[in-house]
Amino acid sequence: MEHRFQQLSPHILIMHAEHETDRPVLAAITGERRTLLMDAGNSPGHAELFRQELAKRGIKPPELLVLTHWHWDHSFGLSAWQAPVIAHEGTAEALAGLSGRSWSDEDLAELVLTGILSEESVQHIRLEYGESREITVMKPDIVFSSNIAIDLGGVTCELSHVGGDHSADSCFLYIREDNVLFLGDALGPTIYGGPRRYSSTGFLKLLGLAYGYNAQWYVESHGVPMSLAEFRADLAPWERLARIVDVFGHNRERVVLELKDYLQLEELPADLLQGVEYFMAGSK
């Protein structure tokens, strides 16, 4: 497996997402006084790869760590880092509910049954951890309710709770001096507790918040960094789809017709057809 690292901006090094075992983007933000890590990784093994790269580049180990949300792929690497963890109160509550589990096959099956995890997440956990599954769920050290600003020395990190369908505790992380916005998975659909779904109104609200930063770089946790122009172009069909659903609700036939007309296509691509189903599920 190839691991890709990128100096995204003067103060930010990222480790790109890897999809085989659902490893999200990790980022080290370095100021004059301290380094902050965004998200912990999906396992100690994932975390160790980034730690090695930081050491190789002479970047001091993170002295603070922030979580964008509680999901396993962002938080199960916490035990590998010796740094205070900052997270939203909803993240703290969710992680507290997962502590002390055995992570056996039976335990994983129960988590799927109760809607806490999905079968897809369980498959990724099995791939990442193998049969041993020595998973230590850790709780945050510092908890906030709305937003928190962290001064690293000439670099300011703003962690803001935004919520959304994907996870109610989702946060944006904005690096002010570098004009970089980390979106976590906030723009994603609900993935636990039933079929994947989007609220059109909620999605449009989050998109408006994201555009409002007018950032130089937009980074979604399972995607690649995009400029503002690239991000807007990539999200334009989804924004239009959400606006159509806002008007026509769960009238699937009309929604598809309107979107085809907007895109001037005879048939919608597979990802947008899937998106239609997500928004239909969210409009019921």
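In this predicted model, helix α7 contributes the most to the lining of the largest pocket, supplying 4 residues. The pocket encloses about 850 Å³ of space. Its lining comprises 33 residues, and those nearest the centre are Gly 188, Pro 189, Arg 196, Tyr 198 and His 222. Besides α7, the elements that give two or more residues to this lining are α2 (72-75), α5 (119-129), β12 (217-220) and α9. Sorted by class, the lining holds 14 nonpolar, 11 polar and 8 charged residues.

Helix α7 also packs against other helices. Two packed helices are described by the angle between their axes and by the distance between those axes. Helix α7 (residues 228-248) and helix α9 (residues 270-283) lie at an angle of about 35 degrees, and their axes are 10 Å apart. The crossing of α7 with α9 is right-handed. On the α7 side, the contact is made by Pro 237, Trp 238, Leu 241, Ala 242 and Val 245. These residues meet Asp 271, Leu 272, Gly 275, Val 276, Phe 279, Met 280 and Ser 283 in α9. The contact of α7 with α9 consists of 9 nonpolar, 2 polar and 1 charged residues.

A further contact joins α7 to helix α6 (residues 200-212), where the axes come within 9 Å and cross at roughly 145 degrees. Here α6 passes α7 in a left-handed crossing. From α6, the participants are Ser 200, Thr 201, Phe 203, Leu 204, Leu 207, Ala 210 and Tyr 211. Their partners in α7 include Phe 231, Arg 232, Leu 235 and Glu 239, together with Trp 238, Ala 242 and Val 245. The residues of the contact of α6 with α7 divide into 10 nonpolar, 2 polar and 4 charged. Trp 238, Ala 242 and Val 245 of α7 thus appear in the contact with α9 and in the contact with α6.

Side chains of opposite charge can pair when their charged atoms come close. Across the whole structure, 18 salt bridges are found. One of these joins the side chains of Glu 128 and Arg 23, with an N to O distance of 2.7 Å. This pair links distant parts of the chain, the two residues being 105 residues apart. Glu 128 belongs to helix α5, whereas Arg 23 lies in the loop between β2 (12-15) and β3 (26-30). Helix α5 is also among the elements that give two or more residues to the lining of the largest pocket.

How values were computed: Residues numbered from 1 in each chain as written. Predicted model: local features only at pLDDT ≥ 70, side-chain atom pairs only at ≥ 80, totals over all residues. Heavy atoms only, no water. Axes fitted to C-alpha atoms, helices over the stretch in contact; angles between N-to-C directions. Left-handed = near helix turned anticlockwise from the far one by under 90°. Contact = heavy atoms within 4.5 Å. Nonpolar A, V, L, I, M, F, W, Y, C, P; charged D, E, K, R; others polar. 1 Å grid on protein atoms, 1.4 Å probe; cavity = no way out; pocket = protein on both sides within 12 Å on 5 of 7 lines; lining within 4 Å. Points joined across faces, edges and corners; volume = space filled by probe spheres on them. Salt bridge = Lys/Arg side-chain N within 4 Å of Asp/Glu carboxyl O.
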